[in-house]
Structure formats: C-alpha cells, structure tokens
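Work through the exercises below with the coordinates open. Each task is followed by a solution in steps.

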Amino acid sequence: MRPGDWPFVIMALAFVLYLGFWSWQQDSATRVRIYQAGKVFAELDLNAERTLQVAGPLGLTSVEIKSGRARISSDPSPRQYCVRMGWLDQAGQMAICLPNRISIELLGSRPYEIDSLSY
C-alpha cells in the first residue's frame, strides 16, 4: 500500500461503521398489536399498564403491558419460547406462541420496513 491509500481506507472504514450503526437503529415502540389465530385481537398503547388474557387452542395466554414495554408472561405451550423472549420494547420486535396461535408485535411511530423474514 502507498501512503496515499491510507486516507481512503480510513474513510471507507468510517463509512462502513456508520452504515452498520444506522441500519440497526430502531424506533422505540408506542403500541402493541396482539394477534389471535392470525387475526388482530387488540391494539393497545404501551403506556397503559394492563394484563390481558387471550384464549387459544391450548388455553389462556397472559400478555402483560407495563412501562412502555410488553411481554407474554404465561402460556400453556410446552416449550415456553414466547415467555422466554422476555420484555419487548423496540418497534418491530415480536413474540410468537406457535402452538397456542397467539403473538404480539410492537409498533412504532412509523412502519418498520425490515423484519426477520427480510434477511
């Protein structure tokens, strides 16, 4: 490499770092949408504290909303993957209880263009 190549390498590296940071930045969520069997069951504001019971084929799933975040606190599914997701607080995050056919999705002020299926 020649001495004149180093400024170009440094600028390219800075640009890649900037793009990496910008592409992973997410909005904070303002609403939660709860799905039951693929259909919208409820859409609620994240600032209101409440717990909902949503019925599915296996039983009741408990969705807890508190302090600008949401989680599935209990579910009758055998492996408890959706409960293990914990608290969700960023727009675009989801928790899906597949055997019980219940899911939650967090929504921001603008539509989220990228999800896990986009990769």
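A disulfide is taken here as a pair of cysteine sulfur atoms within 2.5 Å. By this rule the count comes to 1 disulfide. The model is predicted: local features need pLDDT of at least 70, side-chain atom pairs count only at pLDDT 80 or more, and totals for chains, interfaces and linings use all residues. Residues are numbered from 1 along each chain as its sequence is written, and side-chain values use heavy atoms, with hydrogens and water left out.

**Exercise 1. Identify the disulfide and describe its geometry and setting.**

Step 1. A disulfide is a covalent bond between the sulfur atoms of two cysteines. The partners in this model are Cys-82 and Cys-97, with their sulfur atoms 1.9 Å apart.

Step 2. The link of Cys-82 and Cys-97 is right-handed, with 100° about the S-S bond.

Step 3. Secondary structure elements are DSSP runs numbered from the N terminus: helices (H or I) have at least four residues, strands (E) at least two. Cys-82 lies in helix H2 (residues 81-84) and Cys-97 in strand E6, so the disulfide ties together parts that are 15 residues apart in sequence.

Step 4. For accessibility, buried means under 20% relative accessible area, exposed over 50%, and partly exposed in between (1.4 Å probe, protein chains only). Cys-82 has 3% relative accessibility and therefore counts as buried. Cys-97, at 1%, also counts as buried.

Step 5. Consider Arg-79, found in the loop between strand E5 (69-74) and H2. Its relative accessible area is 56%, so Arg-79 is exposed. Arg-79 and Cys-97 are 18 residues apart in sequence, and their C-alpha atoms are 9.4 Å apart in space.

**Exercise 2. Place Ile-96 in the fold and list its contacts.**

Step 1. Ile-96 belongs to strand E6 (residues 94-97). Its relative accessibility is 48%, so Ile-96 counts as partly exposed.

Step 2. Contact means heavy atoms within 4.5 Å. Not counting residues up to four places away in sequence, Ile-96 touches Cys-82, Ile-102 and Ser-103. Cys-82 is one of the two cysteines in the disulfide.

Step 3. From C-alpha to C-alpha, Ile-96 and Ile-34 are 10.0 Å apart in space, with their positions 62 residues apart in sequence.

**Exercise 3. Find the salt bridges and determine which of them share a residue.**

Step 1. Side chains of opposite charge can pair when their charged atoms come close. The criterion is a side-chain nitrogen of Lys or Arg within 4 Å of a carboxyl oxygen of Asp or Glu. The structure holds 3 salt bridges.

Step 2. Arg-31 and Glu-43 form a salt bridge through their side chains, at 3.1 Å from N to O. Arg-31 lies in strand E1 (residues 31-36) and Glu-43 in strand E2 (residues 39-45), so this pair ties together parts 12 residues apart in sequence.

Step 3. Glu-43 also meets Arg-33 in a salt bridge, at 3.1 Å from N to O. This pair links distant parts of the chain, with Arg-33 in strand E1 and Glu-43 in strand E2, 10 residues apart.

Step 4. Arg-31, Arg-33 and Glu-43 are thus linked in a network of salt bridges. Relative accessibility is 30% for Arg-31, which counts as partly exposed. Arg-33 is partly exposed at 22%, and Glu-43 is partly exposed at 32%.

Step 5. A further salt bridge joins Glu-64 to Arg-71, the closest N and O atoms being 2.8 Å apart. Glu-64 is buried, with a relative accessible area of 15%, whereas Arg-71 is partly exposed at 26%.

**Exercise 4. Describe the surroundings of Thr-61.**

Step 1. Thr-61 lies in strand E4 (residues 60-66). With a relative accessible area of 0%, Thr-61 is buried.

Step 2. A polar contact is a pair of N or O atoms within 3.5 Å; within protein, one must be able to donate a hydrogen and the other to accept it, and residues adjacent in sequence count only if both atoms are side-chain atoms. The side chain of Thr-61 makes such a contact with the side chain of Asp-75 at 2.5 Å. Another polar contact runs from the Thr-61 side chain to that of Asn-100 at 2.6 Å.

Step 3. Leaving aside neighbours within four places in sequence, the residues in contact with Thr-61 include Leu-52, Val-54, Ile-72, Pro-76 and Ile-102.
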